[in-house]
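Me: I have a structure to go through with you, and a few questions about it. Shall we take a look together?

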Amino acid sequence: MNLAKLKRNSTGYLFLAPFIIGFLIFGLYPVINTLTLSFTDATLMSKSSHFVGLANFKRLFADDVFMRAVGNTWLIWILNFIPQIGIALLLSVLFTSARLKIKAVGVWRAIYFLPNLLMPAAVAALFNALFAYYGPVNQFMVRADFLSEAMRFLESIWVTRGLVVFIQWWTWFGQTMIILMAGMTSIPLPLYEAAMVDGASVWQMFTRITLPLLKPILIFIFVTSLVGGMQMFDIPFLLTDGRGSPLSSIQTNNILMYMKFASSKGHIGAASSVGVLIFFMTSICALGIFYFLRDKDMDVTKPAKKSLFKKNTTRSQS
Amino acid sequence: MINNNYKYGTYVMRALVYILLFALLILTIIPIWLLIVNATRSTTEIQQGISILPSTHLIENYNLLLSKGLNLSRGFTNSFFLAITSTVVTVYFSLLTAYGMVVYEFAGKKLFSNFIIVLVMIPMQLSIIGFYQYMSKLGLTDNYASLILPLVANAGSVFFGKQYLESMVIHDLIDAGRIDGASELGIFHTIMLPLAVPGAVTMGIFAFVASWNNFFTPFILISSIEKYTLPMLVQTLRGDVYRTEYGAIYLGLALTVVPIIIIYAIFSRYIISGIALGAVKE
């Protein structure tokens with residue numbers, strides 16, 4: 001390697017320098033700070049704080065508030081994820097079917113994706129208005145005789161949870177479908193042709209060819225959706241009163257963290273401990289998924305890892 | 001006969017599929033449609049029942065919306081300023097970093113790539129509280145700088161930029177620039193950036209939408225009402241002041257989503273290919 005080339009290659013570091021400096025200041029330090037705070041009794045009101053060991057974490061398990069938030073978050077995520085992946089798989093099979101030749105696939109796809117781009121805060125406020133006591137849904141249900149009298153939807157635990165689940169599904173099934181379709185169209189056609197010659201049924205081709213080859217992408221969708229779902233905030237926060245009402249049934253991890261942060265004293269130590277604990281819970285589950293679902297030959301997970309980026313750039317929250 | 005049965009079956013299946021697609025279409029569109037229609041209807045009309053046709057009270061609702069002390073135009077200006085600045089910072093610095101990763105050979109390059117992927121997966125829960133306390137020490141809370149500066153290191157966009165540049169960087173052009181005596185940074189600015197416009201547009205749209213819709217971080221960091229962004233104003237719309245002014249509430253909400261729908265109508269191809277590109281790239 002000659003000197004000119006060496007000099008040129010060290011300029012690579014110069015190109016990376018702004019990112020690295022920005023990361024150290026705005027990325028790494030805040031993480032370290034949060035971890036540190038989670039072991040202290042720091043509040044926004046007091047200047048000094050003390051190291052309290054694991055007291056914040058112990059207190060989270062002292063009553064059932066934290067575990068209820070964790071339970072709510074998981075419940076809402078699972079109930080949204082199953083129909084999300086189900087409908088997305090069905091639609092992508094139908095859209096790529098050579099037999100059906102669905103018209104205007106691009107248009108359908110574009111419309112199904114639209115909810116993903118809308119401001120979650122506005123969507124939550126919209127559903128709050130639609131399902132209000134004097135809102136349009138009640139009017140419609142009463143007039144069409146589905147209900148004998150107007151119902152207080154947002155005071156019912158299961159209706160409220162159902163709405164959060166629906167909004168999450170509504171927001172994400174289009175994106176999941178687009179990713180799956182991109183994966184399906186990259187499966188070589190001769191595989192299916194050979195299977196057809198052998199007399200395979202549509203179902204057999206789906207379970208024996210499509211699903212195994214989509215596995216890296218499915219893992220990717222699963223993990224990004226999990227990480228996003230564990231951070232759910234805007235929708236449950238703005239759908240009701242910002243405390244996860246009724247009866248804390250939609251109080252998620254991040255709402256709990258925010259409530260500790262925004263409490264009268266601003267318990268940032270306690271709020272940090274919620275964030276830290278949720279991070280470890282999510283990471284362990286995500287790594288578990290990678291570990292158990294990967295194929296024996298390691299390279300299969302590579303495309304999935306490489307493709308991790310997209311869901312998180314479009315939206316930090318899902 | 002078998003051939004005819006197959007054909008017949010295909011027709012039936014196709015009909016069922018279109019029914020399903022249409023049902024999903026209704027489910028997707030109806031909340032958005034009701035939002036936009038109700039923004040043009042008076043509160044009395046809204047209370048009288050559902051309509052799928054717009055009415056004539058748009059201006060009236062607009063005046064009502066503004067009459068209660070909600071400074072919508074300031075919210076718009078704030079959100080636009082923040083989204084545009086965020087987009088420029090994200091696109092420039094992400095492409096700069098990605099270019100450095102694609103064009104140069106250096107020790108630790110592979111490590112850095114893997115590191116970017118790990119960063120993408122770190123949730124903001126792990127940093128936001130520490131970030132807030134740190135910013136308040138620096139006196140940067142209630143300041144847009146605390147929302148914009150972190151985007152210098154936007155791992156997700158760098159990853160996209162790297163995927164994109166890997167497919168289009170032409171090393172001959174870079175060498176030609178060097179022979180002409182251009183500096184390395186000069187080559188990035190004058191040769192690479194103009195060529196990377198399609199990727200930059202895609203990256204920029206995602207950055208714009210992310211900033212426009214972002215509620216949580218500004219909600220934590222920004223406190224003075226003059227600096228509220230649109231998602232934060234949506235929250236005040238739900239307060240007591242507007243309790244019975246349904247038309248005005250729907251209009252306020254509609255105004256926050258319409259700009260995004262317009263952007264989507266123009267750039268939907270960039271957006272959809274952007275998602276697909278990021279997900280299947282081997």
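Me: What pattern does chain A follow, read along the sequence?

Reply: Happy to help, and please keep in mind that this is a predicted model. Chain A has 14 helices and zero strands. Read along the sequence, the pattern is therefore α-α-α-α-α-α-α-α-α-α-α-α-α-α.

Me: Where in chain A is A:Ser249 found?

Reply: Two helices of chain A frame this residue: H11 covers 253-261, and H10 covers 234-239. A:Ser249 sits in the loop between helix H10 and helix H11.

Me: Is A:Ser249 buried or exposed, and why?

Reply: The cut-off for a buried residue is 20 or more other C-beta atoms within 10 Å. A:Ser249 has 20 C-beta neighbours inside 10 Å, so this serine counts as buried.

Me: Which residues is A:Ser249 in contact with, leaving aside its neighbours within four places in sequence?

Reply: A:Ser249 and A:Ser156 are 93 residues apart in sequence, with 9.2 Å between their C-alpha atoms. The contacts of A:Ser249 include A:Ile157, which follows A:Ser156 in the numbering. The full set is A:Asn72, A:Ile157, A:Thr160, A:Arg161 and A:Gly244.

Me: What percentage of the residues in chain A are buried?

Reply: Chain A has 318 residues. Of its contacts with a separation of 6 or more, 71% join residues 24 or more positions apart. The buried share of chain A is 44%.

Me: What distance separates the centres of the two domains of chain B?

Reply: The domain assignment of chain B gives domain 1 as 2-62 and domain 2 as 70-237. Taken over C-alpha atoms, the centres of domain 1 and domain 2 of chain B are separated by 37 Å.

Terms used
Residues numbered from 1 in each chain as written. Chains lettered and ligands numbered in written order. Predicted model: local features only at pLDDT ≥ 70, side-chain atom pairs only at ≥ 80, totals over all residues. Domains from an automatic or database assignment. Helix = DSSP H or I, 4+ residues; strand = E, 2+ residues; numbered from the N terminus. Buried ≥ 20, exposed ≤ 12 C-beta atoms within 10 Å, placed from the backbone. Contact = placed C-beta atoms within 7 Å.
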